[in-house]
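Let's take a walk through this one, from its empty spaces to its metal site. Have the viewer open as you read.

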Amino acid sequence: MTTAIEGVELTRVGAATVMGELMRQYWIPAALSAELVRDGAPLRLMLLGEKLIAFRDSAGRVGVMDHRCPHRCASLFLGRNEEGGIRCIYHGWKFDTAGNCLDMPNVPPHQEFTPKVRAKAYRVVERGGLVWVYMGSRAEAPPMPELEILLVPDDEVGVTFVQRDCNYLQALEGDVDTSHFGFLHAGHVEPDDLPDDHPIRHTVTVRTPEYHVADTPWGTQYAAYRTAGPGLTYWRFANFLFPFWTQQPQGEFDRHVHARAWVPLDDTHTMFCYLWWKRGSSARPHPPRKDGKPIGGARPDHQFLPNTTDWLGRWRLQANAGNDWGIDRAAQRDNTIYSGIENITLQDQAVTESMGPITDHRFEHLAPSDQMITRTRRRLLMAARALREKGVPPPGVEDPDVFRSARSGHFFSDDTSPWHEIYASELAASVRPPAPLHAAE
Ligand code: FES
Ligand SMILES: [Fe+2]
């Protein structure tokens, strides 16, 4: 079980919190590159509870900094993004993307002190169509994580953002909670509804999966297994990767190159950043039922609200707590959709938001089916405490190649070797991105 103290340590992400310090060791995906245009309006950005702005200057460089002007704290969101920097509209001070003060036009020339003033700017890189931010304090930023999806060419990476109105941990845990799939997403699907080779056939044949769990160099991993015929096992692997990434099992293992970040905007809001390979298994739509009809509750698209300039105004879905996530009680009753909710991401969104802004872990009764969740919480907590108490860098910060060996997905195997050996041989036989395309930053 998770104690009240552990619950607080795991879920709070502000500066100087245990988990907030851990998160600040890593590069964080913050926005789509396409959200920032040269000399365009700055973007309000909330990350780890900090109010920031992002802008792209005249040369195309991206700046991410505290929104407060270091003169008298007017918001640089109001600023003029012009001629290689952002100019505060209060007294005209101007800053470049690195936070250097370029101009102090309200101060007589003999009194100005531009070299002594810096905006609080963070290191930024762009990769995979995303703007990444390093919010830590190292003089030299660590290398980018070598996630498989970041090793394919940028133009082959698809990105989806969806904001979720709850703490990052309960959102993330949905991706490593294997037994919910046969209920929340597929409780209305019977094996006989599906062709023999349908990817979820075995998930709905056995709704009580057994699975192995282990710590790995990148975080944690589970391997759910079901007998699929004489001498044949159906495997489903999934991963948690430090500090907030997952890889889920719903895709053919051999091409399932993807990663899912659950980026804490603050303690009670999370940005789901889904990066998927356009030539991989995530790009394939869910195959239909035997009768040719689509599987209920698997509508692929998201219905977004228009983005606003609010701190938390980006990539919100139309269906939310205020309209009960569009739940259709008739569909629920006649079992055309078990949950009554029409889209898989939205089903996950509904159940995790319904827990409240931050789950009260004292109210839980964890079961053997939750052992991946328990292990992942423990792994996060131990790493965060080791960092705080002994200064131990958490996994993947100084050894970013550990992420390269993380792959998830499903496959059949007649191999009777130990499960981690089956994983290694399946990975070796998979389509793999080439060696790193980008040198370490
Ligand atoms: S507050 Fe920004 S220039 Fe004065
Ligand atoms: Fe789910």
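What volume does the second largest cavity have? About 50 Å³. Keep in mind that this is a predicted model, so the numbers here are computed from it.

## The enclosed spaces

Searching the whole structure for cavities of 30 Å³ or more turns up 2. The largest cavity holds about 80 Å³ of space. Its lining is made of 13 residues, and Tyr26, Trp27, Pro145, Gly396 and Phe403 are the closest to the centre. By type, that lining splits into 11 nonpolar and 2 polar residues, with no charged ones.

Back to the second largest cavity, at about 50 Å³. Around it you'll find Phe181, His185, Ile200, His286, Ile295, Gly296, Gly297, Ala298 and Ile344. Here the count is 5 nonpolar and 4 polar, and again no charged residues. One of the lining residues, His185, also turns up among the ligands of the metal.

## The iron site

The iron ion (ligand 2) is held by His180 (NE2), His185 (NE2) and two contacts from Asp348 (OD and OD), at 2.0 to 2.6 Å. Along the chain, the donors follow the spacing H-x4-H-x162-D. His180 sits in the loop between α3 and α4 (181–185), while Asp348 belongs to helix α7 (residues 344–354), so this pair ties together parts that are 168 residues apart in sequence.

Is the geometry regular or irregular? It's irregular, with angles of 54 to 155° among the 4 donor atoms. As for exposure, His180 and Asp348 are both buried.

## An open pocket

The second largest pocket offers about 430 Å³ of space. It is lined by 20 residues, with Asp177, Met355, Glu364, Asp370 and Ile373 the closest to its centre. Three elements, α3, α7 and α8, each give two or more residues to that lining. The largest share comes from α7, with 3 residues.

The lining of this pocket is a mix: 6 nonpolar, 7 polar and 7 charged residues. Compare that with the two cavities, where the linings have no charged residues.

## Helix α1 and its neighbours

Which residues of helix α1 (residues 4–11) are buried? They are Glu6, Gly7, Glu9, Leu10 and Thr11. These buried residues pack against α2 (18–23), α3 (168–173) and α8 (371–390). Two of those partners, α3 and α8, also contribute to the lining of the second largest pocket.

How values were computed: Residues numbered from 1 in each chain as written. Chains lettered and ligands numbered in written order. Predicted model: local features only at pLDDT ≥ 70, side-chain atom pairs only at ≥ 80, totals over all residues. Heavy atoms only, no water. Buried < 20%, exposed > 50% of the residue type's maximum accessible area, 1.4 Å probe, protein only. Helix = DSSP H or I, 4+ residues; strand = E, 2+ residues; numbered from the N terminus. Contact = heavy atoms within 4.5 Å. Donors = N, O, S within 2.8 Å, 3.2 Å for Na, K, Ca; no water. Tetrahedral: all angles 85-135°; square planar, octahedral: opposite > 155°, others 65-115°. 1 Å grid on protein atoms, 1.4 Å probe; cavity = no way out; pocket = protein on both sides within 12 Å on 5 of 7 lines; lining within 4 Å. Points joined across faces, edges and corners; volume = space filled by probe spheres on them. Nonpolar A, V, L, I, M, F, W, Y, C, P; charged D, E, K, R; others polar.
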